[in-house]
Amino acid sequence: MVTKQELSGLPADADLRRADSLAREIFSDVANKWALLIIEALGERTLRFSELRDEVEGVSHKMLTQNLRMLERNGLVDREVHPTVPPKVEYTLTEPGRALRATVDLLCGWTHQYLGHIETARGRFGA
């Protein structure tokens with residue numbers, strides 16, 4: 001998190017601590033499990049909706065649709081509709097989406113690195 005001193009000179013919308021900031025809204029949008037899993041699944045590929053649903057096990061049609069729309073609205077995913085019958089719709093990460101994916105990859109690596117530690121800790125709580 002950025003300190004108040006580091007935020008001086010930046011617009012109020014850049015402060016994640018403010019409930020009404022754009023930064024908080026964006027953070028809230030992308031920091032959910034489905035968005036992170038969709039970003040990871042897309043990677044450097046272009047995928048159709050059904051391919052994404054197969055890649056992100058457990059996501060419902062509704063949640064995938066909502067998250068893809070949110071990612072597209074935030075400029076992280078491009079949606080291309082091909083004029084065929086039925087329409088062929090493909091999704092690809094944009095440049096900002098690929099940059100965010102690098103962070104998602106770090107989070108995935110952290111999860112793999114500390115999985116055993118977390119399992120042990122959870123075991124102590126009977127979870």
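I looked up Thr-65 before anything else and found this residue buried, with a relative accessible area of 17%, where buried means under 20% relative accessible area, exposed over 50% and partly exposed in between, taken with a 1.4 Å probe and protein chains only. Thr-65 has its place in helix H5, and I note that helices (H or I, at least four residues) and strands (E, at least two) are DSSP runs numbered from the N terminus. The side chain of Thr-65 reaches the backbone oxygen of His-61 at 2.9 Å; a polar contact is a pair of N or O atoms within 3.5 Å, of which, within protein, one must be able to donate a hydrogen and the other to accept it, while residues adjacent in sequence count only if both atoms are side-chain atoms.

For the record, this is a predicted model, in which local features need pLDDT of at least 70 and side-chain atom pairs count only at pLDDT 80 or more, whereas totals for chains, interfaces and linings use all residues. Residues are numbered from 1 along each chain as its sequence is written, and side-chain values use heavy atoms, with hydrogens and water left out.

Next I turned to Thr-94, which sits in the loop between strand E3 (88-93) and H6 and is buried at a relative accessible area of 11%. Its side chain reaches the backbone oxygen of Gly-75 at 2.6 Å. Leaving aside residues up to four places away in sequence, Thr-94 touches Gly-75, Leu-76, Val-77 and Asp-78, contact meaning heavy atoms within 4.5 Å.

I then checked the helix packing. Helix H3 (residues 33-42) and helix H5 (residues 61-73) pack at an angle of about 75°, with their axes 10 Å apart; the axes are lines fitted to C-alpha atoms, for helices over the stretch in contact, and angles run from 0 to 180 degrees between N-to-C directions. H3 and H5 are therefore roughly perpendicular to each other, given that angles under 35 degrees count as roughly parallel, over 145 as roughly antiparallel, 65 to 115 as roughly perpendicular and the rest as oblique. On the H3 side I listed Trp-34, Ala-35, Ile-38 and Ile-39, which meet Met-63, Leu-64, Asn-67, Leu-68, Met-70 and Leu-71 in H5. By class, this contact of H3 with H5 has nine nonpolar, one polar and no charged residues, where Ala, Val, Leu, Ile, Met, Phe, Trp, Tyr, Cys and Pro count as nonpolar, Asp, Glu, Lys and Arg as charged, and the others, Gly among them, as polar.

H3 also packs with H6, at an angle of about 105° and with the axes 9 Å apart, and H3 and H6 are therefore roughly perpendicular to each other. Leu-36, Ile-39 and Glu-40 of H3 make the contact with residues of H6, including Leu-100, Arg-101 and Asp-105. I recorded six nonpolar, one polar and three charged residues for the contact of H3 with H6.

My last stop was the loop between strand E2 (77-82) and E3, where Val-85 is found. Val-85 is exposed, with a relative accessible area of 86%, and a cis peptide bond with omega of about -10° joins Val-85 and Pro-86. I set this beside the general rule that most peptide bonds are trans. The C-alpha atoms of Val-85 and Trp-34, 51 residues apart along the chain, are separated by 29 Å.
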